[in-house]
Amino acid sequence: MKTKITKKTILKFFGILLLILVLSVLILFAVVIGRTFTFKVNTELGQWENATTIYPSLSPEQKKQLLENLKVAVQIPTVSFSESKQNTTALQEFDLLLRRVFPKVFSSSLVQHEMVGNYSHLLTVPGSEADLEPYMLLAHIDVVPADEADGWDAPPFSAQELNGFIYGRGTIDNKQSVMGILQALEYLLERGYTPRRSFYIGLGHDEEVSGSQGAVNIVKLLKSRGVKLLYVLDEGLTIMDGVVDGLIGPGALIGVSEKGQATVKLSVSTPPGHSSMPPRESSIGILASAVARLEKNRMPNLFGHGPERATFEHLAHKFGWPYRMVMSNLWLFSSLLSGVLEGQPDTNAFVRTTTAVTMFNSGVKINVMPAYAEAFVNFRIHSSQTLQEVLKLIESTVSDERVKVEFVSGFDPLPISSYDEDTFGYQIIKKTVHDIFPEVTVSPGVCVGNTDSRHYTELSPDIYRFVPSWYKPGDSARFHGVNERISIQNYEEIVLFYFQLMQNSDIINLPGPRI
Ligand SMILES: CCCCCCCC/C=C\CCCCCCCC(=O)NCC(=O)O
Ligand SMILES: [Zn+2]
Ligand SMILES: [Zn+2]
């Protein structure tokens, strides 16, 4: 049969031709013009004031000592099981450990130490120039549970050394920061350091179960004293290496915000009965379908609507061809990139509100129809959505009146801290990364997990979440998972990072832009 050439076919042909032409021009434009449409992100600052009076270095004896201290810290099982169940014996033991291994910190007349909420620590280090606004470093002592039977290569509280790594719960979340911060201060005090700018150190004992006793009470105490903070640095994002296709060299992501959360409980009640005469649908089946609908219908991909866009704009110049063209022209390629990012769990977490079914309980006996089934679903909310919007979407996706949806807890995404060239905290952290890791590119990011720092918003607008732990392929499974570990070299770098950060924070003014 012959195709008839109609007016419609001709118009269609020219339409397609026009589309191809427009696309070609746009791509050409993107290649030639490059980053015209992205922010100017790599202007360098001019000359920095030198505040490093003590060169960041470690002797062989110090390297041995700091490693021993970290190992003992990991061996104390400071596990938080729930808000009402924590290993308080271990928390007490941890307190004794800190006092034993950091004698200078705990005996220096310069450092004031207070226990808060029974097991959290607040240290105050007054600077010589009282009019400089103080900053604060945060970390947490507690860890999530760990079971060797889940497949650990070494017992989770052994701190065993394997191929240059220390294995154990807390090695990356977050005892490396607790011990790293105090170890750095210990060595600075040993070498006669006195800060110009005052600072605080807050070590929470219940971060993994909300921070309601530790961080919340530290904040209350500081507020009652009228403290305002120039910046806050807590655990969070890391140095990525080899986890983003096309990115040349490592990239440090400084968390300038963190996602919100919503936890909902879904439940179904049905009459119990004999399993030999079951109804068409059980409470378990109804609930399973609802949960499956939530997993299947993911929350929308919102890439580009939050600070994750800035992550790629800042890293764009470190991508090789053709990735650089894509990252430099998100106005054109945003949907292409977001499609790629949603393919992996760790990068997917950057582009949307995630849905995690974490608990499912039902049934009492194999021949009894369950009268009740319940599931808990934990959502991590993208920066551009609100808790209310997410709750509405959950209701409409579940959409089954037999399934009761109850709000358990939640909060909106955290405010976005500034990361421009005039922002002291961000620039000092960035400079410190460059001082200790010259090969690393620094970029803002969104922390996908939550931290104690979310309780500090009334004390400072500039809150950052970053630890210079190396994050390589396969490492995402170590957070709250099996084989959590840190390399010995990385722990030394972390101590040096805090050592240098404390000195860099004594800088009074940021340099102006390089002319
Ligand atoms: C540009 C995309 C790069 C993807 C690389 C992902 C990098 C992720 C790095 C670290 C993630 C770890 C989150 C750390 C904070 C976790 C704190 C925590 O456990 N809080 C409790 C909670 O959130 O429940
Ligand atoms: Zn943590
Ligand atoms: Zn954690």
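Trainee: Are His140 and Asp173 buried or exposed?

Mentor: This is a predicted model, where local features need pLDDT of at least 70 and side-chain atom pairs count only at pLDDT 80 or more, while totals for chains, interfaces and linings use all residues. Residues are numbered from 1 along each chain as written, ligands are numbered from 1 in the order written, and side-chain values use heavy atoms, without hydrogens or water. Buried means under 20% relative accessible area, exposed over 50%, partly exposed in between (1.4 Å probe, protein chains only). His140 and Asp173 are both buried.

Trainee: What arrangement do the 4 donor atoms around the zinc ion (ligand 2) have?

Mentor: Donors are N, O and S atoms within 2.8 Å of the metal (3.2 Å for Na, K and Ca). Here they come from His140 (NE2), Asp173 (OD) and Glu235 (OE, twice), at 1.9 to 2.5 Å. Four donors are tetrahedral if all angles lie between 85 and 135 degrees, and square planar if opposite donors are over 155 degrees apart and all others between 65 and 115. The angles run from 55 to 154°, so the arrangement is irregular.

Trainee: Which residue coordinates both the zinc ion (ligand 2) and the zinc ion (ligand 3)?

Mentor: The two zinc ions are 3.3 Å apart. The residue coordinating both is Asp173.

Trainee: How far is a polar side-chain atom of Arg380 from an oxygen atom of ligand 1?

Mentor: Arg380 is among the residues that come nearest to ligand 1. The distance from its polar side-chain atom to the ligand oxygen is 2.8 Å.

Definitions and conventions:
Tetrahedral: all angles 85-135°; square planar, octahedral: opposite > 155°, others 65-115°. Near = heavy atom within 4 Å. Polar contact = N/O pair within 3.5 Å; in protein donor to acceptor, adjacent residues only side chain to side chain.
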